[in-house]
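Let's practise reading a protein model together. Take your time with each exercise, and try it yourself before looking at the solution.

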Amino acid sequence: MRKFLSNILLALSDLSLPVVVGGAICFMFFSKLHHVDFFYPIIWICSIGIFAIYLYDHFSDLSSVGEVRYGEPFWILYKFKKIWFVITAVSLVIASYLFFTKMRVVYLEPGGVVALLVLGYYFFRKLAPKKWQGKFKELWISLVATMALGGIPAWITNTEIHWILLCSFFLLCFQNMLLFSWIDYEADLINNNPTLAVDSGIPFVVWLLDIFALINIALLADLWYSNGYTIAIPVFFAMQIQLITIRVFCEFRYPKRIYRFWTDMIFVIPLITLL
């Protein structure tokens, strides 16, 4: 039973469903934070974009791998790759339809910027040497996620922009990607997949994790001290603590792929502010 549950969670993680659901939650969180009305077509577009970019990233990594057996990384993607390709293509068609028919004018500029970042990432993965992909892949994905989920509501708001929380969210996204790089290190090394851990080594990734965790805690503590308590601050603290906990487990209990699921689940935590 425990193994079955673990495989289910791994399958959900490999399909990036926790981050897709969490992405929609974070978009609504930042919309509420910046007093922007929930506009559900843009939420769907952002979720579909995240789903597509993560699946493309996984398929790019799988392109150099032969047959993937049950229990190995991304087996569910490889076994049903034609189905997922069709689902992704249909999702992108739906997102395009929503963008061109339902999109409010105010969302066009920030939505266009996110679209350019996503297209730039696709070209980057296709054309850049693997060494450069290893150096910048995690950073680029973190930037896309931050801009899509936090940047769009901040762009169109008529109120004060919460810059510190946006910076904190970027640091959380980057730590999320760094943990993936660490957790998948051995498989990526064998399959020659470009990540920061493969390019620069695990000690460097761990050093970055510790530095950015400290920076984020300092940012949030200073925000709390300067502006007083708001519900967003303990939520972001909880997200950071969860990442630190996973980092400690990776250090002392060896990185396990199930940690990917719990790493992505940080994006679901802001749900408590929407209830």
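Below are four exercises, each with a worked solution.

This is a predicted model, in which local features need pLDDT of at least 70, side-chain atom pairs count only at pLDDT 80 or more, and totals for chains, interfaces and linings use all residues. Residues are numbered from 1 along each chain as its sequence is written, and side-chain values use heavy atoms, leaving out hydrogens and water.

**Exercise 1. Two helices side by side**

Task: Find how helix H2 and helix H8 run relative to each other, and which residues make the contact.

Solution:
- Step 1. Locate the helices: H2 covers residues 17–33 and H8 covers residues 163–183. Helices here are DSSP runs (H or I, at least four residues), numbered from the N terminus.
- Step 2. Look at the axes, which come within 12 Å and cross at roughly 165°. Axes are lines fitted to C-alpha atoms, for helices over the stretch in contact, and angles run from 0 to 180 degrees between N-to-C directions.
- Step 3. Name the arrangement: H2 is therefore roughly antiparallel to H8, a label for angles over 145 degrees.
- Step 4. List the residues: Cys-26, Phe-30 and Leu-33 of H2 meet Leu-165, Leu-166 and Phe-169 of H8. Contact means heavy atoms within 4.5 Å.
- Step 5. Sort them by class: the contact of H2 with H8 has 6 nonpolar, no polar and no charged residues. Ala, Val, Leu, Ile, Met, Phe, Trp, Tyr, Cys and Pro count as nonpolar, Asp, Glu, Lys and Arg as charged, and the others, Gly among them, as polar.

**Exercise 2. A second pair**

Task: Work out how H11 and H12 are arranged, then place Gln-240 in the picture.

Solution:
- Step 1. The axes of H11 (residues 202–227) and H12 come within 11 Å and cross at roughly 160°, so the two helices are roughly antiparallel to each other.
- Step 2. Among the residues making this contact are Ala-213, Asn-216 and Ile-217 of H11 and Gln-240 of H12. By class, the residues of the contact of H11 with H12 divide into 12 nonpolar, 2 polar and 3 charged.
- Step 3. Gln-240 sits in H12 (residues 232–253). Beyond its neighbours within four places in sequence, Gln-240 also contacts Leu-172 and Gln-175, among others.

**Exercise 3. Buried or exposed?**

Task: Classify Gln-240, Ser-181, Val-113 and His-35 by relative accessible area.

Solution:
- Step 1. Recall the cut-offs: buried means under 20% relative accessible area, exposed over 50%, and partly exposed in between (1.4 Å probe, protein chains only).
- Step 2. Gln-240 has 1%, so Gln-240 is buried. Ser-181, in helix H8, has 2% and is buried too.
- Step 3. Val-113, in helix H6 (residues 108–127), has 28% and counts as partly exposed.
- Step 4. His-35 lies in the loop between H2 and helix H3 (40–62), and with 64% His-35 is exposed. His-35 also has a positive phi of about 55° although it is not a glycine.

**Exercise 4. Inside the core**

Task: Which residues of the largest nonpolar core touch the most other members?

Solution:
- Step 1. A nonpolar core is a set of buried Ala, Val, Leu, Ile, Met, Phe, Trp, Tyr and Cys residues joined through side-chain atoms within 4.5 Å.
- Step 2. The largest core has 84 residues, and Tyr-107, Phe-169, Phe-236 and Met-239 touch the most other members. Its largest share, 13 residues, comes from H8.
- Step 3. Leaving aside neighbours within four places in sequence, Phe-169 contacts residues including Cys-26, Phe-30, Phe-236 and Met-239.

Terms used
Angles under 35 degrees count as roughly parallel, over 145 as roughly antiparallel, 65 to 115 as roughly perpendicular and the rest as oblique.
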